[in-house]
Amino acid sequence: MIELRSDTFTLPTPEMIRAMSEAALGDDVYGEDPTANRLEELAATTLGKEAACFMPSGTMANLASLMAHAPRGSKVLVGDESDIYIYEAGGASVCGGIVYEPIPTQPDGRLLLRDLAAAFPADPEDPQFALPALICLENTHNRCGGAILPLEYLRDVRRFADERGVPVHMDGARMFNAAVGAGVPVAEIAQYADSAQFCLSKGLSAPIGSMVVGSTAFIEKVRRLRKMLGGGMRQVGTVAAAGILAIENAAALAEDHRRAALLAEGLARLDGIEVAPQDVRTNIVMFRVTDERHTWQTVAEAAREEGLAIAELGHGRLRAVLHRGLDDGDVNEAVSIIGRVVKSDPRPLAGHTMEV
Ligand SMILES: *Cc1c(COP(=O)(O)O)cnc(C)c1O
């Protein structure tokens, strides 16, 4: 199977498995796992922040970050296409008593300053309003096709947030893709956010984990929340060892980006497929089926039967994500399969009756 549904399907590299089996271990809830401590130091230094905390998942990393920043009854401004708003089971409301205020997401992943401004009440002393306690950005933006937020935009949001005394959290699940794609050190992106989380378990191909970075005081709160949420892990150096290699080898993401461009160019040559290769900046390719005999379901299902896994990602678009487990041959084969599927008549969907 050519697996293009997500970069979360990456497996640990042989070097990671070796490092995991040889890692020095201790009880991380006591702060005594030397490998987890080394990973946290590396994450903090690499992102230019004071401290870092290893989390079991990106979802818990965002949840603990939101709860550390925003008191109960306050609101957090999140993109209406963001992972935090769409895919994280409303955790900040359920566990943190926080109100999500969805802000329109631009096709390039930005939240416009005027839309953010509209979420602030004219009179902050008026007791009926929930006050914005946090602005959340997503970089790269998943549902916007792996878009990279421009540095000038991040600078503008920083200034906007400082004027209002509100912190900025970056959901940077694929922040290293943003850095590699933009050709800048990841710290140059992170400097505009008070806190950030990034996933070790996606394109960076560690098996498990995310890192939250921020100030020492903020990370102390996050660590306490991690324990409360059930994310305190004991000999976690077993997986942290893979995370260290993941960060050290982040430059390898450039290969995924090159292959994503190759895939987009291949798809652009097919009839019945709409794709914008110029918008592919990182490892995600979004495309749409324009051949009216098909739907995204008929294409995804027929492709799967031919050995290619792709996923729907909102608004009837198909998503292909490049990652370390693929080579150029897989990309060419994926283009051939989609070309064949779209050219042929759709088969009835399994378990559905087709209206003709
Ligand atoms: C994957 C992802 C997350 C959540 O990470 P998990 O480790 O799957 O919980 C958060 N934000 C974005 C943008 C993501 O792509």
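**Group meeting: a strand, a helix pair and an open sheet**

Hi everyone. In β8, the residue that forms a bridge with Gln-197 is Val-212. Let me start from that pair and work outwards, keeping in mind that this is a predicted model.

Gln-197 brings us to strand β7, residues 195–199, which runs antiparallel to β8 and is joined to it by four bridges. There is also strand β2, residues 51–55, again antiparallel to β8, this time with five bridges. If you want a residue to click on there, take Phe-54, which stands opposite Met-211 of β8.

Now, is β8 itself buried or exposed? Five of its five residues, 210–214, are buried, so the strand is largely enclosed by the rest of the structure. As a reminder, side chains in a regular strand alternate between the two faces of the sheet. Here Ser-210, Val-212 and Gly-214 point one way, Met-211 and Val-213 point the other way, and all of them are buried.

On to the helices. Two packed helices are described by the angle between their axes and by the distance between those axes. For α3 (residues 58–69) and α10 (residues 216–228), the angle is about 120° and the axes are 9 Å apart. Why call α3 oblique to α10? Oblique covers what is left outside the roughly parallel, antiparallel and perpendicular ranges, and perpendicular stops at 115 degrees while antiparallel needs over 145, so this pair counts as oblique. The crossing of α3 past α10 is right-handed.

Who makes the contact? On the α3 side you'll find Met-60, Ala-64, Ser-65, Met-67, Ala-68 and His-69. From α10 come Phe-218, Lys-221, Val-222, Leu-225, Arg-226 and Met-228. By type, that contact has eight nonpolar residues, two polar and two charged.

Last stop: the open sheet. It has four strands, in the order β9-β10-β13-β12, with antiparallel pairing. At the edges stand β9 (273–275) and β12 (311–312); each has a single partner strand, so one side of each is left without a neighbour in the sheet. Further in, β10 (residues 284–289) and β13 (residues 318–321) pair in the antiparallel sense over four bridges, and Val-285 stands opposite Ala-320 of β13. Helix α12, residues 253–268, packs on this sheet and touches β9, β10 and β13. The direction of α12 makes about 15° with that of β10.

That's my tour, so thanks for listening, and feel free to rotate the model while we chat!

Notes: Residues are numbered from 1 along each chain as its sequence is written. This is a predicted model: local features need pLDDT of at least 70, side-chain atom pairs count only at pLDDT 80 or more; totals for chains, interfaces and linings use all residues. Side-chain values use heavy atoms; hydrogens and water are left out. Buried means under 20% relative accessible area, exposed over 50%, partly exposed in between (1.4 Å probe, protein chains only). Helices (H or I, at least four residues) and strands (E, at least two) are DSSP runs, numbered from the N terminus. Two strands pair if DSSP finds at least two bridges between them. Axes are lines fitted to C-alpha atoms, for helices over the stretch in contact, and angles run from 0 to 180 degrees between N-to-C directions. Angles under 35 degrees count as roughly parallel, over 145 as roughly antiparallel, 65 to 115 as roughly perpendicular and the rest as oblique. A crossing is left-handed if the near helix is turned anticlockwise from the far one by less than a right angle, and right-handed if clockwise. Contact means heavy atoms within 4.5 Å. Ala, Val, Leu, Ile, Met, Phe, Trp, Tyr, Cys and Pro count as nonpolar, Asp, Glu, Lys and Arg as charged, and the others, Gly among them, as polar.
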